[in-house]
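The following report works through one protein model, beginning with a single side chain and moving outward to helix packing, the nonpolar cores and the overall fold.

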Amino acid sequence: SRWWFRCLAGVCWLCLPTPPACATDSPQGAFAEVEEVERILVKQLAVLTELAHDPAIGEMVAAINQQNQALSFGDIRMLDEQWQKAPELDALTQPFLHNACAKALRAFQEHHVEFPELFVTDARGLVVGMTNKTSDYYQADEDWWTATYHEGRGRGNGEGEGEGEGS
């Protein structure tokens, strides 16, 4: 199962997929499973909140937010298409695997191996830093991204909103 964590403006979300059926038929067993899942999620949320407050990540996101303001949605689509076709060791993707944000993510990952893939996006859903090449550069058309963005900001994700949503 895959879940996502997102922080915007200091507010963090943890988005979970539909939970699997309980492994037990008894109400007591189901309640125990729910309590265990909640305990694990609370612990993971605390760990990820620590990551979200890493100054290297925050500074990089702020800089990239400013830098990416000039990109049109057409520019973003073009970059996303190039990204999807690029191998991991490509000139387009390498900076996102080795910048300050990516280094902070890898340092975190060394101490928290339970997170095999970590990446951070800017306010428009563009990758800022990552531990592994993501399939897309533009994440704002993904269900998890739009759900957390709408809950955190109460508004759309900018130019091109709704195009390709859920892909």
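In this predicted model, Thr146 counts as buried because its relative accessibility is 6%, which lies under the 20% cut-off for that class. Thr146 is found in helix H6, and its side chain reaches the backbone oxygen of Asp143 at a distance of 3.1 Å. Between Thr146 and Gly125 the separation in sequence is 21 residues, whereas in space their C-alpha atoms are 8.9 Å apart.

Helix H6, spanning residues 143–153, is also one of the elements that each supply at least two residues of the largest nonpolar core. That core holds 17 residues, of which Trp83, Phe96, Leu126, Val127, Met130, Tyr137 and Tyr138 touch the most other members. Alongside H6, the elements that each give at least two residues are helix H3 (73–85), helix H4 (94–98) and strand E4 (127–130), and the largest share, four residues, comes from H3. A second core, separate from this one, has 14 residues, including Ile64, Cys101, Phe108 and Leu118.

Which residues of H2 and H5 make the contact between these two helices? On the H2 side they are Ala56, Ile57 and Met60, and on the H5 side Ala100, Cys101, Ala104 and Leu105. Cys101 thus appears both in this helix contact and in the second core. The residue ranges of the two packed helices are set out below.

| Helix | Residues | Residues making the contact |
|---|---|---|
| H2 | 55–68 | Ala56, Ile57, Met60 |
| H5 | 100–111 | Ala100, Cys101, Ala104, Leu105 |

The axes of H2 and H5 are 8 Å apart and form an angle of about 150°. Because angles over 145 degrees count as roughly antiparallel, H2 and H5 are therefore assigned that relative orientation. The crossing in which H2 passes H5 is left-handed.

At the level of the whole protein, the secondary structure consists of six helices and four strands, and from the N terminus on these elements follow the order β-β-α-α-α-α-α-β-β-α. The protein has 167 residues, of which 39% count as buried. When contacts between residues at least 6 apart in sequence are considered, 56% of them join residues that are at least 24 apart.

Terms used: Residues are numbered from 1 along each chain as its sequence is written. This is a predicted model: local features need pLDDT of at least 70, side-chain atom pairs count only at pLDDT 80 or more; totals for chains, interfaces and linings use all residues. Side-chain values use heavy atoms; hydrogens and water are left out. A nonpolar core is a set of buried Ala, Val, Leu, Ile, Met, Phe, Trp, Tyr and Cys residues joined through side-chain atoms within 4.5 Å. Buried means under 20% relative accessible area, exposed over 50%, partly exposed in between (1.4 Å probe, protein chains only). A polar contact is a pair of N or O atoms within 3.5 Å; within protein, one must be able to donate a hydrogen and the other to accept it, and residues adjacent in sequence count only if both atoms are side-chain atoms. Axes are lines fitted to C-alpha atoms, for helices over the stretch in contact, and angles run from 0 to 180 degrees between N-to-C directions. Angles under 35 degrees count as roughly parallel, over 145 as roughly antiparallel, 65 to 115 as roughly perpendicular and the rest as oblique. A crossing is left-handed if the near helix is turned anticlockwise from the far one by less than a right angle, and right-handed if clockwise. Contact means heavy atoms within 4.5 Å.
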